[in-house]
Structure formats: structure tokens, C-alpha cells
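Let's take a look at a protein together, starting with its overall fold and then moving on to its charged side chains. Have the picture open while you read.

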Amino acid sequence: MKKVILSAVMMVALSTSFVSCRDAADKAKEATEATEDAMENTGDELKEMGEDAANKADEIGTDMKDAGDKAIEGTKEMGEDAANKVKEAGTEVKEAGTKAVDGAKELGTKTVDGAKELGTKAVDGAKAAGTEIKTSAEEAAAKIKQ
């Protein structure tokens, strides 16, 4: 009887262990399937994230190109403006120089004419003074001789 009871207990233990192994195997299979699904979903999400990142990078690249083009255009316009202003300033300096030269010529001519006139007056004055001195000297000599 002991053998029968022991055999029955062994049979129950074995059947329980077979059931437990089958449950464990089913649960492992379910876990494997869930893991595969999760990995597939993760792969899809990573692919979408990669595509989104590529699109954003493309947009940023386009924005940077546009900003660079605008900066180049602005620099070009500023350079043209500066060149025009330098050209205008050069023209103004040239005109001022021409006016200064013309004014100097006019002043020089007036100065030369004025100097000639003063020289003529000085010579005439000197001649008149010389004549007066000569006349006075002659009168004085005549008075002395008398």
C-alpha cells in the first residue's frame, strides 16, 4: 500500500510538473511573441524618427542656405553703396580742389596785378620824391650861391 500511495503521489507530482512546464513554455512563447512585436514597433518608430530627423535637417539646411544667400546679397548691396559713396566723395573732393585751384589762380592774378600797381605807384612816388628832392636841392644850391 505504501507503494501504491507513493506511486500515486509520484504520478500527481509528475503530472503537475508536466502541466507547469507546458504553462511555462506557453508563457515563454507569449513573451517571445510580445518581444518580437515590441521590437518590430520600436524599429518602425525608429525609422519614422530617422525620417523626421532627416526632414528637419533638410529644412534647417534650406533655411541656412537662404540665410547665407540673404547675407551675401546684403553684403553685396552694402559694398555697392560704399563704392558709390566713395565715388561721390571723390567727385566732391575733385570739385573742391578745382575750385581751390581756380580761386588761387584768381587770387594770384589779383595779387600780381596789385603788386604791379603798387610797384608802379612806388616807382612813380619815388620819381616824384626824387624830382622834389632834386628841385629842393637845386633851390637850396641856388640860395647858397647867392
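Here is a short tour of the fold, the surface, the salt bridges and a charged patch.

**The overall picture**

Keep in mind that this is a predicted model. How many helices and strands does the protein have? The count comes to one helix and zero strands. That helix, α1, covers residues 2–145, and the protein has 146 residues.

So what about burial? Being buried means having under 20% relative accessible area, and 0% of the residues here count as buried. In total, the protein exposes about 12900 Å². Carbon and sulfur atoms supply 63% of that area.

**Two salt bridges**

Now for the side chains that pair up. The structure holds two salt bridges, and here they are:

| Salt bridge | N to O distance | Place |
|---|---|---|
| Lys65 and Asp69 | 3.4 Å | helix α1, four residues apart |
| Glu117 and Lys121 | 3.4 Å | helix α1, four residues apart |

Take Lys65 and Asp69 to begin with. Their spacing of four residues is about one turn of helix α1, and their closest N and O atoms are 3.4 Å apart. Is Lys65 buried or exposed? Lys65 counts as exposed because its relative accessibility is 54%, and exposed means over 50%. Its partner Asp69 has 39% relative accessibility, so Asp69 counts as partly exposed.

Next come Glu117 and Lys121, whose side chains meet in a salt bridge. Here again, four residues make about one turn of the helix. Glu117 has 47% relative accessibility and therefore counts as partly exposed. Lys121, at 51%, counts as exposed.

**A negative patch**

Finally, look for a run of acidic names in the sequence. Which residues form the negative surface patch? Asp26, Glu30, Glu33, Glu36, Asp37, Glu40, Asp44, Glu45, Glu48, Glu51 and Asp52 do. One of them, Glu36, lies in helix α1. Try finding these residues in the 3D view, along with the two salt bridges.

Terms used. Residues are numbered from 1 along each chain as its sequence is written. This is a predicted model: local features need pLDDT of at least 70, side-chain atom pairs count only at pLDDT 80 or more; totals for chains, interfaces and linings use all residues. Side-chain values use heavy atoms; hydrogens and water are left out. Patches are made of residues with over 30% relative accessible area and no salt bridge: like charges are joined within 9 Å, nonpolar side chains (Val, Leu, Ile, Met, Phe, Trp, Tyr) within 5 Å. Accessible areas come from the Shrake-Rupley method with a 1.4 Å probe; for residues, only the protein chains shown count as cover. Lys and Arg count as positive and Asp and Glu as negative; His and the chain ends are not counted. The place of a charge is taken as NZ of Lys, CZ of Arg, CG of Asp or CD of Glu. Helices (H or I, at least four residues) and strands (E, at least two) are DSSP runs, numbered from the N terminus. Buried means under 20% relative accessible area, exposed over 50%, partly exposed in between (1.4 Å probe, protein chains only).
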